[in-house]
Amino acid sequence: MSYLKFDKTLMINLQESLQREILRANQKGAYHCTTIVGCNTRKYHGLLVMPIPELDDENHVMLSSLDETVIQHGTPFNLGLHKYQGGSFSPNGHKYIREYSLEIIPRTIFRVGGVILSKEKIFSRTENKLMIRYKLLDAHSVTTLCFHPFLAFRSVTELSVRNDNINRHYDEVRNGIKTRLYNGYPELYIQFSKSVQFNYKPDWYMGIEYPKEQERGYPYQEDLYVPGYFELDIQKGEEIVVCVGDKEFDTDSLLEMFDKEVASRKPRSSFYGCLVNSVHQLYYNPTGDDYYLLAGYPWFKVRARDLFVSVFGATYLVGEYDRYENVMRTALKALRNFLRDRQNDPVIREIDNPDVLLWAVWSMQQYRLKEGLEKAKEKYAEIVEEIIKFILSQSHPNLKLSDNGLVYTDGRDKPVTWMNSVVNGRPVIPRSGYVVEFNALWYNALKFYKELNDNAPMDRIDNLISALDVSFPYTFLNKYNYLFDYIDGPEQDWSVRPNMIIAISCPFSPLTRAQKRSVLDIATKELITQKGLRSLSPKSGGYHPTYYGSQYNRDIAYHQGPVWPWLLSMYVATYLDMFGKAGVSFVERTLISLEEELSHHCIGTISELFDGNPPFTGRGAISFLMNLSAVLTVMDLMRKYDTDNK
């Protein structure tokens with residue numbers, strides 16, 4: 001029985017099925033994404049979406065959908081589904097779905113009268129290629145399949161509008177066609193594993209709507225060009241494969257190629273297996289030489305902070321040590337370029353953010369905690385020293401060392417922390433001055449630097465650590481026994497936020513155990529939910545728990561109450577440190593709640609954030625690296641308590 005399976009009752013209920021999405025991606029940044037009923041609800045959705053570096057830095061929807069039609073006794077039954085103006089759906093192919101499952105690859109079972117048709121999809125890991133395998137499981141008479149390709153050839157940030165500038169030309173290739181609507185785009189190949197007839201019948205389908213864009217207040221109607229349709233007969237028990245990509249393929253090998261791709265996949269038969277597979281979707285190796293982790297799908301690129309926070313949990317902790325080494329080698333090369341030449345990396349974005357250096361040291365420290373001090377010294381002592389000296393020399397443009405040992409940053413006009421939402425060009429949360437997690441990470445980095453040097457006397461470092469032992473609790477610990485979020489001159493931010501959990505979870509902390517316990521208690525009372533930590537306590541001013549509506553409403557709410565699961569690993573590490581085995585049952589309940597999310601929003605993965613109030617609906621990016629890494633880290637933390645999380 002499939003771990004992720006949906007029956008007819010859910011599939012025909014569009015209120016439920018349209019909220020569930022499916023994502024498949026390769027290591028080149030290309031992907032396939034739609035809902036489980038095949039109806040696109042975002043402008044980011046498409047059967048084949050891929051980067052085209054020759055045009056810009058965005059992904060581009062090449063093929064929006066491929067509508068199938070089953071013909072028996074001259075009667076067509078269209079299996080496609082699109083939303084049109086006025087809330088109407090057509091052609092309502094979802095009513096023929098009997099089952100949808102996802103264990104190794106997505107599989108849909110259709111039933112049309114006496115016809116039972118299986119449809120499976122797989123996305124190549126190394127090529128911009130989607131393959132769809134159809135198998136006629138049962139039929140009592142001659143069956144014909146037709147396929148209508150809905151072409152887009154546009155950026156994911158735009159929408160297609162009917163125009164006379166398209167290139168309607170196509171060329172026949174082996175068992176299919178190739179076509180290109182606009183100059184600058186690559187050819188799109190649509191090929192079959194057997195001979196097929198293409199009938200040229202060009203038409204525009206007008207006014208297709210994307211409700212997710214409508215929610216945000218964006219343009220949401222699109223016109224898509226259909227050049228014609230493919231037609232072929234299929235026999236009972238026969239399998240055919242359709243291949244869509246940016247180059248021509250050997251159609252004789254498509255069936256074999258599909259089987260090989262399936263054999264290379266790991267099953268999604270457990271919570272752990274789903275998380276690992278979801279992380280694999282975020283591996284990014286565009287050139288073959290450099291290795292990255294995308295921050296999330298469908299709109300995030302590679303971001304420095306996300307990468308350093310997540311790389312250890314997303315690679316090393318799942319046993320992929322070579323991948324960990326490759327990603328770190330690429331990331332540290334970019335980091336050195338910034339340290340030495342103030343050079344921003346073309347792929348790893350936001351590497352100049354003031355906390356990135358501190359998160360990088362924290363990330364290397366995770367390796368030390370697993371592999372021991374000697375291996376960490378050999379691998380990372382040099383780069384950690386370079387980072388510390390860079391900060392000490394006041395070389396960072398926006399991370400300055402104060403006389404009291406604390407580090408100061410200016411975030412009044414431009415957001416510099418992970419709470420980075422902007423409205424009208426200004427930060428929604430102007431976290432500036434002494435930022436709590438920056439200074440906790442700074443103290444931790446200094447202590448780790450000392451450890452890498454065998455705690456040898458270092459007068460300046462020793463003095464800074466001693467100063468921070470006093471100045472950190474004096475500055476941040478307030479009379480209610482939690483931590484100010486930031487201090488900027490006379491301004492003290494009393495908001496109860498989860499950044500203080502970062503401060504108490506670092507391996508080295510300037511707080512006593514009792515002080516950390518009091519901070520943990522406040523977070524447990526006001527921030528923790530079954531999905532992770534709220535970004536703001538409901539008791540604090542400006543609490544906006546629901547991330548929904550127009551882009552303005554979302555930007556205002558982004559870090560003002562919604563739950564961010566990536567902070568859970570730090571909370572759990574501290575919680576288990578305080579309570580030991582007595583805390584295991586609480587963590588298990590949280591993992592169970594997050595496991596439930598695999599059947600919602602994007603199937604088999606975890607969303608970027610959740611509403612701050614019940615029912616804690618998943619929102620934002622449909623798959624988010626830091627959350628996946630955090631949950632994998634929590635599972636690793638639980639292993640020493642002999643808890644079976646696999």
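This report walks through the nonpolar cores, one helix, a run of strands and some salt bridges of the structure above.

The model is predicted, so a little bookkeeping helps: local features need pLDDT of at least 70 and side-chain atom pairs count only at pLDDT 80 or more, while totals for chains, interfaces and linings use all residues. Residues are numbered from 1 along each chain as its sequence is written, and side-chain values use heavy atoms, with hydrogens and water left out.

**Cores and helix 10**

Let's start inside. A nonpolar core here is a set of buried Ala, Val, Leu, Ile, Met, Phe, Trp, Tyr and Cys residues joined through side-chain atoms within 4.5 Å. Buried means under 20% relative accessible area, exposed means over 50%, and partly exposed is in between (1.4 Å probe, protein chains only). The largest nonpolar core has 210 residues, and the members that touch the most others are I387, W442, L483, W566 and Y571. Its biggest contributor is helix 10 (residues 436-452), which supplies 11 residues. A separate core of 10 residues includes I105, I122, L254 and V262.

Helices (H or I, at least four residues) and strands (E, at least two) are DSSP runs, numbered from the N terminus. Of the 17 residues in helix 10, 16 are buried. From first C-alpha to last, helix 10 reaches 24 Å, close to the 24 Å expected at 1.5 Å a residue; the expected span is 1.5 Å times one less than the number of residues. Just after helix 10 comes D454, with a positive phi of about 55°.

Contact means heavy atoms within 4.5 Å. Neighbours within four places in sequence aside, I387 is in contact with L335, L339, L357, A360, V361 and M364.

**A buried loop residue**

T41 sits in the loop between strand 3 (31-35) and strand 4 (46-51). Is T41 buried or exposed? T41 is buried, with a relative accessible area of 2%. Again leaving out neighbours within four places, its contacts are L18, T35, Y210, P211, K212 and E213.

**Strands 10, 11 and 12**

Two strands pair if DSSP finds at least two bridges between them. Strand 11 (residues 115-123) is largely enclosed by the rest of the structure, because eight of its nine residues are buried. Strand 11 pairs antiparallel with strand 10 (residues 106-112) over six bridges, and I109 stands opposite S118. Two residues lie between the strands of this hairpin, where G113 takes a positive phi near 60°. Strand 11 also runs antiparallel to strand 12 (residues 129-138), joined by eight bridges, in a hairpin with five residues between the strands. Here E120 has R133 as its bridge partner.

**Salt bridges**

A salt bridge is a side-chain nitrogen of Lys or Arg within 4 Å of a carboxyl oxygen of Asp or Glu. The model has 43 salt bridges by this rule. Three of them are listed here.

| Pair | Closest N to O |
|---|---|
| E16 and R20 | 3.0 Å |
| E256 and K260 | 3.4 Å |
| D290 and K333 | 3.1 Å |

The D290 and K333 pair ties together parts 43 residues apart in sequence, because D290 lies in the loop between strand 20 (283-284) and strand 21 (292-293) and K333 in helix 7 (residues 321-341). E256 and K260 are four residues apart in helix 4 (residues 254-263), about one helical turn. E256 is partly exposed at 47%, whereas K260 is exposed at 55%. For the remaining pair, E16 is partly exposed at 35% and R20 is buried at 6%. Finally, R107, E120, R133 and D259 are linked in a network of salt bridges.
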